[in-house]
Amino acid sequence: MEMSPKQLALRIAKILDAKKAHELSVIEVTEVTELADYFVICTGNSSTQVRAAADEVEFKLKNEDGVMPYHIEGHTTRTWIVMDYGCVVVHIFDPEARTYYDLERLWADGKKVDPSEYVTEG
């Protein structure tokens with residue numbers, strides 16, 4: 001079954017939430033860019049957590065949903081991994097890179113998705 005862009009963004013956000021990603025944010029950018037429909041942005045506490053989060057998203061989407069990324073960039077530096085799923089672009093940062101690039105400010109015209117749609121309490 002094929003997912004809509006929003007369903008894919010929420011699926012990715014739920015995977016990242018379960019992997020204990022921090023400062024998780026989903027932004028609908030359909031009205032402000034043609035690059036994607038959604039950005040999923042989060043922070044890992046270390047380069048190890050950044051890599052683990054990206055690996056988990058790739059593994060679960062591939063093996064459970066049959067969804068493959070078009071491209072992944074940043075695995076070697078592990079300060080900012082970008083995963084391109086076409087309609088959804090995932091940004092996984094270490095804390096310093098997250099602060100430096102401040103994507104939420106750059107894409108402030110986008111519509112933030114309510115975290116209750118993807119964050120589990122507990």
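How much area does the protein chain expose, and what share of it do carbon and sulfur atoms supply? In this predicted model, the exposed area comes to about 7,000 Å², with carbon and sulfur atoms supplying 49% of it. Turning to the inside, 41% of the 122 residues of the protein chain count as buried.

The overall dimensions come next. The C-alpha atoms fit in a box of roughly 35 × 30 × 30 Å, taken along the principal axes. The radius of gyration is 13 Å, which agrees with the value near 14 Å that a compact globule of 122 residues would have. Contacts across the sequence are also worth a look: among those between residues at least 6 apart, 60% join residues at least 24 apart. As for charge, the protein chain carries 13 positive and 22 negative side chains, and the centres of these two sets are 6 Å apart.

Four helices and six strands make up the list of elements in the protein chain. Read from the N terminus on, their order is α-β-β-α-β-β-β-α-α-β.

Helix α1 is a handy place to start. It covers residues 5-18, 14 residues in total, and spans 20 Å from its first C-alpha to its last, close to the 20 Å expected at 1.5 Å a residue. Which residues of α1 are buried? They are L8, A9, L10, I12, A13, I15, L16 and D17. Their cover includes two helix and strand neighbours from early in the chain, β1 (22-28) and α2 (47-65), along with β2 (38-43) and β5 (88-93). An α-helix has 3.6 residues a turn, so residues three or four places apart point the same way. Just after α1, the backbone does something else: K20 takes a positive phi of about 70°.

Positive phi values turn up at other sites too. E23, a residue other than glycine, has a phi near 50° and sits in strand β1. Its relative accessible area is 54%, so E23 counts as exposed, the cut-off for that being over 50%. D102 is not a glycine either, yet its phi is positive, at about 40°. This residue belongs to the loop between α3 (95-101) and α4 (103-106). With a relative accessible area of 27%, D102 is partly exposed.

Is R98, a residue of helix α3, buried or exposed? R98 counts as buried, because its relative accessibility is 9% and the cut-off is under 20%. Leaving aside residues up to four places away in sequence, R98 touches H22, E23, S25, I41, C42, T43, F93 and E104. One of these partners is E23, the strand β1 residue with the positive phi. G66, by contrast, is 32 residues from R98 along the chain, and the C-alpha atoms of the two are separated by 29 Å.

N45 offers a view from the surface. Located in the loop between β2 and α2, N45 is exposed, with a relative accessible area of 53%. Even so, N45 has contacts: beyond residues up to four places away in sequence, it touches H22 and P95. H22 is also among the residues that R98 touches. Finally, N45 and L24 lie 21 residues apart in sequence, with 13 Å between their C-alpha atoms.

Note on methods:
Residues are numbered from 1 along each chain as its sequence is written. This is a predicted model: local features need pLDDT of at least 70, side-chain atom pairs count only at pLDDT 80 or more; totals for chains, interfaces and linings use all residues. Side-chain values use heavy atoms; hydrogens and water are left out. The expected span of a helix is 1.5 Å times one less than its number of residues. Buried means under 20% relative accessible area, exposed over 50%, partly exposed in between (1.4 Å probe, protein chains only). Contact means heavy atoms within 4.5 Å. The radius of gyration is taken over C-alpha atoms; the globule rule is 2.2 Å times the number of residues to the power 0.38. Accessible areas come from the Shrake-Rupley method with a 1.4 Å probe; for residues, only the protein chains shown count as cover. Lys and Arg count as positive and Asp and Glu as negative; His and the chain ends are not counted. The place of a charge is taken as NZ of Lys, CZ of Arg, CG of Asp or CD of Glu.
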